[in-house]
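Welcome! Take a moment to look over the sequence and the fold, and then let us walk through them together.

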Amino acid sequence: MVFTQKTLKVVFADPPFGRESKGEAVTESPNLGILYIIGYARERLSNIEFTYLEPFLSMEEHLQKIQQIKPDVYALSFTTPRRDLSFETIAKVKATELPMLILAGGAHPTIDPQDVLKYTATDVCIRGEGEETTTELLQKIQTGQPITDVAGTVNQKKNNGLRPLLKNLDFFPAWDLIDFENYDIAVSKKKRMAYLLPIRGCPNYCTYCSNPVWKLEKPWIRQRSPKNIAEEIHYLYNRGIREIYLRSDTFNVDIKWCLQVCEEIKKLNLKGMTFQCNLRADKLNDELAQHLQDINIWLVHIGLESANDRVLRGIGKNATQADNIHTLELLKKHKIKVYGFLMLYNAWETNGKLEYETPQEVNTTLEFAKNCLRDNLIEYISWSITNPLIGSKLYDIAKKHDIAIHNVKIGNCMRLPGITEQQMVEHVKQGMILQLLNGIQKGMITKKSYKRAAQKAIKILNM
């Protein structure tokens, strides 16, 4: 397909989740991957009109926008949990019979492009990071060149392999396309909030992690410069943002760099600005905790996962229960609250042998969580059953040992030998009750969150 008109119309889109109720977005943040691609491409290409169709649109609104814009290129970004909705969206966009090139990117097209090409009308799948690949594709479309051989893409005829990861990450997403009023995070101090990505990647490869984009190639960690991060924070502050979630998997992967970022943020002296971030439990010292406090980081998110060293070692967490406790105590000392994430019934391999978390070990983790909530070492808690997602090592382990995904009333999980569905249900129920009671006791059930709490209570009753 060749486009010769002066201005190329390009639509990037999330699958249309719709809204739970009028005016309430079902997502906390716009798609940073899409915004980064647009920001990168706009600096290098001209005569392109970019539009971002955001996730809170209904299917009807989504298709109406397509009919109005009549794009030359339509690009949908999606994860595996959104596969069915995304395939439906592509089918309905194709049914408009508008002449357009259909692209697919994001986690699912990255890890399983053949699935997308087989079951949808997608012309090209983009694998991995999309900035350079999409920019080259659009440039070739503009100039009438063939697009079948672009590195980082897969089409019906050819897999063009992976594209090297970006070395320089010092550029901003296309924030000018976003109205922040459309987004609402569940846990925050300030109403106007944004996500910011200071790092791409993670140094570890936990068995359950399904983030394939950053594990296709090395280096697994790439950092932005501290000054560039501070510049984006200043820009967002001028846009009215008063809370930023430093959303990288691990903000403290490199303590020296992390301290430098904190120093640059502190220099901005932004009144009323607060932050959240993600931390690893094995890389926090007193100096860094003090720096986090100094820049008004009020909440950190930590994947504690389990209170059992055997499990933490097995899933490749590279942190111990002693690390977990030390970090929680250090953060409490510096008056920083913790959102703790816990998993149950994880599985892994040791020398080819299947191993998994036992009911007794799940009980240990539950007891640990109760004590942490009681002692104010954890403020918020998330509790989930392990689900082997495509792209993770656990997915391959589950297939190998024939314990693949099993759909039960608590959600997708694995069939672990000797562990009944009822045992899993009871433990999930205990975890959810713990979450709900903690919210009630600490006065967290606000007007903003009562609907989620009510839904959780109904789910518990129906188990």
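## A pair of strands to start with

In which sense do strand β12 and strand β13 pair, and over how many bridges? Please keep in mind that this is a predicted model. The two strands, β12 at residues 243–246 and β13 at residues 274–279, pair in the parallel sense, and four bridges join them. To find one of these spots, look for L246, whose bridge partner in β13 is C277.

In general, the strands of a sheet pair through backbone hydrogen bonds, in either a parallel or an antiparallel way.

## The sheet around them

Now step back to the sheet. It is an open one with six strands, in the order β9-β12-β13-β14-β15-β18, and the pairing is parallel. At the edges sit β9 (193–196) and β18 (380–385), each of which pairs on one side only. On average, neighbouring strands here are turned by 15° against each other, direction ignored.

A helix joins the picture too: α14, residues 421–441, lies across β15 (337–344) and β18. Helix α14 runs at about 165° to β18.

## The whole chain

The chain holds 15 helices and 20 strands. Its C-alpha trace spans about 65 × 55 × 45 Å along the principal axes. Why can the chain be likened to a compact globule? Because a compact globule of 463 residues would have a radius of gyration near 23 Å, and the chain has 23 Å, which agrees.

Buried residues make up 54% of the 463. Among contacts with a separation of 6 or more, 74% come from residues 24 or more positions apart. On the outside, the chain exposes about 20,600 Å², with carbon and sulfur atoms supplying 49% of that area.

Terms used: Residues numbered from 1 in each chain as written. Predicted model: local features only at pLDDT ≥ 70, side-chain atom pairs only at ≥ 80, totals over all residues. Heavy atoms only, no water. Pairing = 2+ DSSP bridges. Axes fitted to C-alpha atoms, helices over the stretch in contact; angles between N-to-C directions. Contact = heavy atoms within 4.5 Å. Rg over C-alpha atoms; globule rule 2.2 N^0.38 Å. Buried < 20%, exposed > 50% of the residue type's maximum accessible area, 1.4 Å probe, protein only. Areas by Shrake-Rupley, 256 points an atom, 1.4 Å probe, with all protein chains shown as cover.
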